[in-house]
Amino acid sequence: MKKLLSIASLLCLLVANAHAQTTLQINDSDFGVTSVFNDISSFEFNIDLPGNLVAGQSYIAPLISQIDYRINGDLRAMGSPSGFPGFMLTRNYTGDDFYAQSDEATLEFEIDIAADLSDGLQLSELVSNGSDPILLFNARELNQDPGRYHPPVLELFADGTGLLQNANNQSNTPNPSNNLLVNVNFGEEYIVNLSFDPSATTIAGPVAVPEPTAVTLLGLGSMTALLRRRR
């Protein structure tokens with residue numbers, strides 16, 4: 001009987017992961033935002049990952065189903081290389097398209113082995129490696145058409161601080177708003193510091209194993225018959 005229960009649990013997990021999708025959600029409502037250079041009025045990142053999150057797993061440029069993000073900024077206070085008074089950047093990518101933007105485009109984080117994902121993933125459950133960020137999202141765009149100034153780098157740290165700034169974006173096709181090639185270094189368009197409570201900031205929903213489906217029960221029946229034949 002214990003063997004059958006183990007098989008049933010395994011089948012449930014396989015079915016759950018086959019159909020599951022996890023969405024990482026990071027937006028300005030969970031953060032204190034302090035301007036360093038120019039202003040960011042709002043931001044939101046939604047990143048869909050296939051399957052359930054797993055405690056103890058490291059995610060470095062993982063498979064991504066979809067990325068949707070937006071950043072709104074006011075650039076009039078201190079100026080910027082683009083010369084724009086502000087911007088509203090919206091990006092919608094499949095995972096392959098996102099990684100194709102540049103070699104540096106990436107998502108990186110690691111979940112602690114002791115993380116309890118039944119109530120979702122909190123930032124406090126991400127692994128800290130010294131001064132490295134617990135979560136890195138780099139959306140650098142290189143030689144895309146058209147060239148854009150404002151795709152971001154987001155870094156969140158274990159001590160409840162973070163940094164959101166423009167990436168070192170470049171292009172060999174002019175930006176349509178000023179007809180100039182993009183060539184900006186980190187933070188030349190905007191830099192804001194972020195603050196947050198790691199234990200109170202949830203970036204993904206609970207991981208739940210569903211009740212056995214008809215497929216699972218069929219598989220369990222097959223396993224049961226197989227075990228009986230072997231006795």
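The legends below describe close-up views of a predicted model.

**View 1. The open sheet of 7 strands.**
Antiparallel pairing joins the strands of this open sheet in the order β2-β12-β11-β10-β9-β7-β4. Its edge strands are β2 (32-37) and β4 (58-60), and each of them pairs on one side only. From one strand to the next, the twist averages 10 degrees. At the β2 edge, strand β12 (residues 191-195) runs antiparallel to β2 and is joined to β2 by 5 bridges. Within this pairing, Ile191 of β12 is the residue opposite Phe37.

**View 2. The open sheet of 4 strands.**
The strand order is β1-β3-β5-β6, and the pairing is antiparallel. Strands β1 (21-27) and β6 are at the edges with a single partner strand each, so one side of each has no neighbour in the sheet. The twist here averages 5 degrees from one strand to the next.

**View 3. Strand β6 and its pairing with β5.**
Strand β5 (residues 66-74) pairs with β6 in the antiparallel sense, over 9 bridges. Bridge partners in this pair include Tyr69 with Arg91 of β6 and Asp68 with Asn92 of β6. The side chains of β6 (residues 86-94) alternate along the strand. Phe87, Leu89, Arg91 and Tyr93 point to one face and are buried, whereas Gly86, Met88, Thr90, Asn92 and Thr94 point to the other and are not buried. The two bridge partners named above thus belong to opposite faces of β6: Arg91 is on the buried one and Asn92 on the other.

**View 4. The largest nonpolar core around Phe137.**
This core has 45 residues, of which Leu53, Phe109 and Phe137 touch the most other members. Strand β3 (residues 39-50) supplies the largest share, 5 residues. Residues up to four places away in sequence aside, Phe137 touches Phe45, Ile47, Ile67, Tyr69, Phe98, Thr106, Leu107, Pro152, Val153 and Leu154.

**View 5. Aromatic pairs and the ring cluster.**
The model holds 12 aromatic pairs. One of them is formed by Phe31 and Phe43, which are tilted, at 6.0 Å centre to centre with 50 degrees between the planes. Phe31 lies in the loop between β1 and β2 and Phe43 lies in strand β3, so this pair ties together parts 12 residues apart in sequence. Both Phe31 and Phe43 are buried. A second pair, Phe45 and Phe137, is edge-to-face because the ring centres are 5.3 Å apart and the planes are at 65 degrees. This pair links distant parts of the chain, with Phe45 in strand β3 and Phe137 in strand β9 (residues 135-138), 92 residues apart. Phe45 and Phe137 are likewise buried. Ring pairs link these four residues into a cluster with Tyr69, Tyr93, Phe98, Tyr99 and Phe196.

**View 6. Ala61 in the loop between β4 and β5.**
Ala61 lies in this loop and is partly exposed, with a relative accessible area of 38%. Apart from neighbours within four places in sequence, Ala61 is in contact with Tyr99, Thr106, Leu107 and Glu108. For Ala61 and Glu108, the C-alpha to C-alpha separation is 6.1 Å, while the two residues are 47 residues apart in sequence. Two of these contacts of Ala61, Thr106 and Leu107, are also touched by Phe137.

Technical notes
Residues numbered from 1 in each chain as written. Predicted model: local features only at pLDDT ≥ 70, side-chain atom pairs only at ≥ 80, totals over all residues. Heavy atoms only, no water. Pairing = 2+ DSSP bridges. Axes fitted to C-alpha atoms, helices over the stretch in contact; angles between N-to-C directions. Core = buried A, V, L, I, M, F, W, Y, C linked by side-chain atoms within 4.5 Å. Buried < 20%, exposed > 50% of the residue type's maximum accessible area, 1.4 Å probe, protein only. Contact = heavy atoms within 4.5 Å. Phe/Tyr/Trp six-rings, centres within 6.5 Å; stacked < 30°, edge-to-face > 60°.
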